[in-house]
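Work through the exercises below with the sequence and the coordinates open side by side. Each task is followed by a solution that proceeds step by step.

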Amino acid sequence: MLSQYAGGKKTVEDRLNEFSETVHQRLRPYFEKQGVEYPPDGLILVGLKNEARLEIWGFNEDCSLKLIKIYPVLAGSGQIGPKSAEGDRQVPEGIYKIESLNPNSSFHLSLKIDYPNPFDKAVAEEEGRRNLGGDIFIHGDAVSVGCLAVGDEAAEDLFVLAADTGLERIKVVLAPIDFRESDLSQEQMEELPSWCGILYAQIKNELNHLRGI
């Protein structure tokens with residue numbers, strides 16, 4: 001796995017001082033267009049592996065979820081199916097949180113996903129798997145192994161947006177495909193672990209709340 005840590009000494013506050021003004025200028029018009037105040041009361045980040053895009057949904061307490069912006073995913077790795085072990089080059093699939101912000105990423109800036117989450121750990125225990133891997137990030141640049149690379153400008157936007165919103169108010173949904181538009185075939189499902197049926201039902205339920213603009 002590519003190292004996410006450049007060994008620098010910048011703090012999150014340093015990076016916010018560096019990028020916040022520019023990011024606010026870029027993002028505020030998108031929030032205003034959808035009638036969502038900035039910073040929002042909550043965010044849902046939707047990473048779609050097959051479609052190679054990252055959707056940003058935001059809301060205030062007095063309004064429904066709105067699609068704010070879509071970023072292309074410039075690089076990922078692996079294929080459809082969840083991550084199950086360190087070194088399998090898979091981008092995880094499931095419902096996650098932002099664990100921390102990394103101001104000294106080798107890939108400009110990055111947001112750490114809390115993989116493995118409780119579901120990942122539970123199914124791994126049932127199967128006797130122990131080395132699940134970790135250090136999964138949404139980050140800048142255009143190269144990645146097991147993470148989502150969205151480019152430096154998008155990484156700046158997400159870094160500042162996450163800090164302004166509050167990490168505890170952000171949900172991350174990582175899906176193999178956009179289940180709002182299509183489904184996996186029976187043949188594809190048969191090649192995946194049996195528990196993917198449960199996992200994908202959870203992901204579909206989350207995506208069903210995110211429709212329209």
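Two strands are taken to pair if DSSP finds at least two bridges between them. The model used throughout is a predicted one.

**Exercise 1. The sheet**

Task: Determine how many bridges join S4 to S5 and in which direction the two strands run, and then establish the strand order of the sheet.

Solution. Begin with S4 and S5, which are joined by five bridges and run antiparallel. The connection between S4 and S5 is a hairpin of two residues. Individual partners can then be read off: isoleucine 98 has isoleucine 113 in S5 as its bridge partner, while asparagine 102 is partnered by serine 110, also in S5.

Next, turn to S8, which is joined to S4 by four bridges in an antiparallel arrangement; here lysine 97 stands opposite lysine 171 of S8. Proceed to S2 and S3, an antiparallel pair with six bridges, whose hairpin connection runs through six residues. In this pair, glycine 58 has lysine 66 of S3 as its bridge partner.

Finally, assemble the whole: the eight strands form an open sheet with mixed pairing, in the order S3-S2-S1-S8-S4-S5-S6-S7. Because S3 and strand S7 (148-149) each have a single partner strand, they stand at the edges, and one side of each is left without a neighbour in the sheet.

**Exercise 2. Helix H1**

Task: Locate the residue on which the kink in helix H1 is centred, and find which elements the buried residues of H1 pack against.

Solution. Follow helix H1 (residues 12-33) along its axis, where a kink of about 50° is centred on phenylalanine 19. Then list the buried positions of H1, which are Arg15, Leu16, Phe19, Ser20, Val23, His24, Leu27 and Phe31, so that Phe19, the centre of the kink, is itself among the buried residues under the 20% limit on relative accessible area. The buried residues of H1 pack against strand S3 (66-72), strand S4 (94-105), strand S5 (108-113) and helix H3 (152-165). Just beyond the end of H1, glycine 35 adopts a positive phi of about 70°.

**Exercise 3. Glutamate 55**

Task: Decide whether glutamate 55 is buried or exposed, and identify the side chains with which glutamate 55 makes polar contacts.

Solution. Place the residue first: glutamate 55 belongs to strand S2 (residues 53-59). Its relative accessibility is 3%, and glutamate 55 therefore counts as buried. Two side-chain partners can then be named, since the side chain of glutamate 55 makes a polar contact of 3.0 Å with that of arginine 53 and another, of 2.8 Å, with that of tryptophan 57. If neighbours within four places in sequence are left aside, the residues in contact with glutamate 55 are Ile44, Leu45, Val46, Leu48, Leu67, Lys69, Ile70 and Arg180.

**Exercise 4. An aromatic pair**

Task: Describe the geometry of the pair formed by phenylalanine 179 and tyrosine 200, and explain which parts of the chain the pair ties together.

Solution. The structure holds four aromatic pairs. In the one formed by phenylalanine 179 and tyrosine 200, the ring centres are 5.5 Å apart and the planes make an angle of 50°, which is a tilted arrangement. Phenylalanine 179 lies in the loop between strand S8 (170-175) and helix H4 (186-190), and tyrosine 200 in helix H5 (residues 196-208), so the pair ties together parts that are 21 residues apart in sequence. Both phenylalanine 179 and tyrosine 200 are buried. As a last step, consider lysine 204, whose charged end sits over the ring of phenylalanine 179, at 5.0 Å from the ring centre.

**Exercise 5. Backbone geometry**

Task: Find where the cis peptide bonds before proline 39 and proline 116 fall, and which residues other than glycine have a positive phi.

Solution. As background, most residues other than glycine have a negative phi, and most peptide bonds are trans. The bond from tyrosine 38 to proline 39 is cis, with omega near -5°, and proline 39 lies in the loop between H1 and strand S1 (42-48). The bond from tyrosine 115 to proline 116 is likewise cis, with omega near -5°, and proline 116 is placed in the loop between S5 and helix H2 (118-127).

Turning to phi, alanine 52 has a positive value near 55° and lies in the loop between S1 and S2; at 31% relative accessibility, alanine 52 counts as partly exposed. Arginine 89, with a positive phi of about 65°, is found in the loop between S3 and S4, and its relative accessibility of 47% means that arginine 89 also counts as partly exposed.

Methods
Residues numbered from 1 in each chain as written. Predicted model: local features only at pLDDT ≥ 70, side-chain atom pairs only at ≥ 80, totals over all residues. Heavy atoms only, no water. Buried < 20%, exposed > 50% of the residue type's maximum accessible area, 1.4 Å probe, protein only. Polar contact = N/O pair within 3.5 Å; in protein donor to acceptor, adjacent residues only side chain to side chain. Contact = heavy atoms within 4.5 Å. Bend = angle between axes of the 7 residues up to and from the residue. Phe/Tyr/Trp six-rings, centres within 6.5 Å; stacked < 30°, edge-to-face > 60°. Lys NZ or Arg CZ within 6 Å of the ring centre and 35° of its normal.
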